[in-house]
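Student: Could you take me through one part of this model in some detail? I'd like to follow a single strand and whatever surrounds it.

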Amino acid sequence: MPNSVTRIGLISDTHGLLRKETLEALLGSELIIHAGDVGKPEILEELRKIAPVVAVRGNVDTEPWAKALPETAVAEVGATLIYVLHDVNALDLNPATSGFHIVVSGHSHKPAKTEREGVLYINPGSAGPRRFQLPVTVARLNLGQVPYEVEFVDLEALGTN
């Protein structure tokens, strides 16, 4: 990815549902990272209309089309290395010693941002069908400043405007 990319859309757990609010929230992204449980290949096709997409396979991505998706991916954005996987509990490397700055994962459906050993861990939450009482969200990552800015977007709030 070129050094000029600073706005990254983060999405996970669409489970085959791509809301119009999701597309609105990700407009302006220069790269989109999908952290798995895509559900349908059309989801990635629609996201690619906005920006290039890096996507990994989640535990519900068992159909033949999904076999082409890797279980993990690396997005190199300028000098920033981003490690992508579906379930952070399956992480089998130390991101800090491996040179990663950011880890993006999904699976839990819970939007979260934490930092450990200088590595930013982001879960954009779930953009698909509502589960339990969890919010329906995506995230926007801005690499144009340090510390990196992470904004969670409540898709249901967008739909009420």
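Tutor: Here is a walk along strand S5 and its sheet, with a stop at another strand and a cavity afterwards. Keep in mind that this is a predicted model.

Let's start with the sheet. It is an open one, built from 5 strands in the order S4-S5-S6-S8-S7, with mixed pairing. The edges are strand S4 (72-77) and strand S7 (112-116), each of which pairs on one side only. On average, neighbouring strands here are turned by 20° against each other, if you ignore direction. As a general reminder, strands of a sheet pair through backbone hydrogen bonds, and they can do so parallel or antiparallel.

Strand S5 shows both kinds. With S4 it runs antiparallel, and 6 bridges join the two. Look for threonine 72, for instance, which stands opposite leucine 85 in S5. S4 and S5 make a hairpin with 2 residues between the strands, and in that hairpin glycine 78 takes a positive phi near 60°. With S6, the picture switches: S5 (residues 80-85) and S6 (residues 102-104) pair in the parallel sense over 3 bridges. Two of the partnerships are easy to pick out: tyrosine 83 has valine 103 in S6 as its bridge partner, and valine 84 has valine 104 in S6.

How enclosed is S5? Of its 6 residues, 5 are buried, so the strand is largely enclosed by the rest of the structure.

Threonine 80 is a good residue to zoom in on, as it sits in S5. Its relative accessible area is 8%, and because buried means under 20%, threonine 80 counts as buried. Skip the neighbours within four places in sequence, and threonine 80 is in contact with Ala75, His101, Ile102, Leu143 and Tyr148. The last of these is also a polar partner: a polar contact of 3.1 Å joins the side chains of threonine 80 and tyrosine 148.

Carry on past the strand and you come to histidine 86, in the loop between S5 and S6. Loop or not, histidine 86 is buried, at 6% relative accessible area. Its side chain makes a polar contact of 3.0 Å with the side chain of asparagine 59.

Now for the other strand and the cavity. Searching the whole structure turns up 1 cavity of 30 Å³ or more. The largest cavity holds about 40 Å³ of space, and its lining consists of His109, Ser126, Gly128, Pro129, Arg130, Arg131, Leu134, Pro135 and Val136. To place one lining residue relative to S5, the C-alpha atoms of threonine 80 and glycine 128 are separated by 28 Å, with those positions 48 residues apart along the chain.

Finally, look at threonine 137, which belongs to strand S9 (residues 137-142). With a relative accessibility of 4%, threonine 137 counts as buried. A polar atom of its side chain lies 2.6 Å from the backbone oxygen of proline 124. Beyond its neighbours within four places in sequence, threonine 137 is in contact with Pro111, Pro124, Gly125, Ser126, Ala127, Val153, Asp154 and Leu155. One of these contacts, Ser126, also appears in the cavity lining.

Methods:
Residues numbered from 1 in each chain as written. Predicted model: local features only at pLDDT ≥ 70, side-chain atom pairs only at ≥ 80, totals over all residues. Heavy atoms only, no water. Helix = DSSP H or I, 4+ residues; strand = E, 2+ residues; numbered from the N terminus. Buried < 20%, exposed > 50% of the residue type's maximum accessible area, 1.4 Å probe, protein only. Polar contact = N/O pair within 3.5 Å; in protein donor to acceptor, adjacent residues only side chain to side chain. Contact = heavy atoms within 4.5 Å. Pairing = 2+ DSSP bridges. Axes fitted to C-alpha atoms, helices over the stretch in contact; angles between N-to-C directions. 1 Å grid on protein atoms, 1.4 Å probe; cavity = no way out; pocket = protein on both sides within 12 Å on 5 of 7 lines; lining within 4 Å. Points joined across faces, edges and corners; volume = space filled by probe spheres on them.
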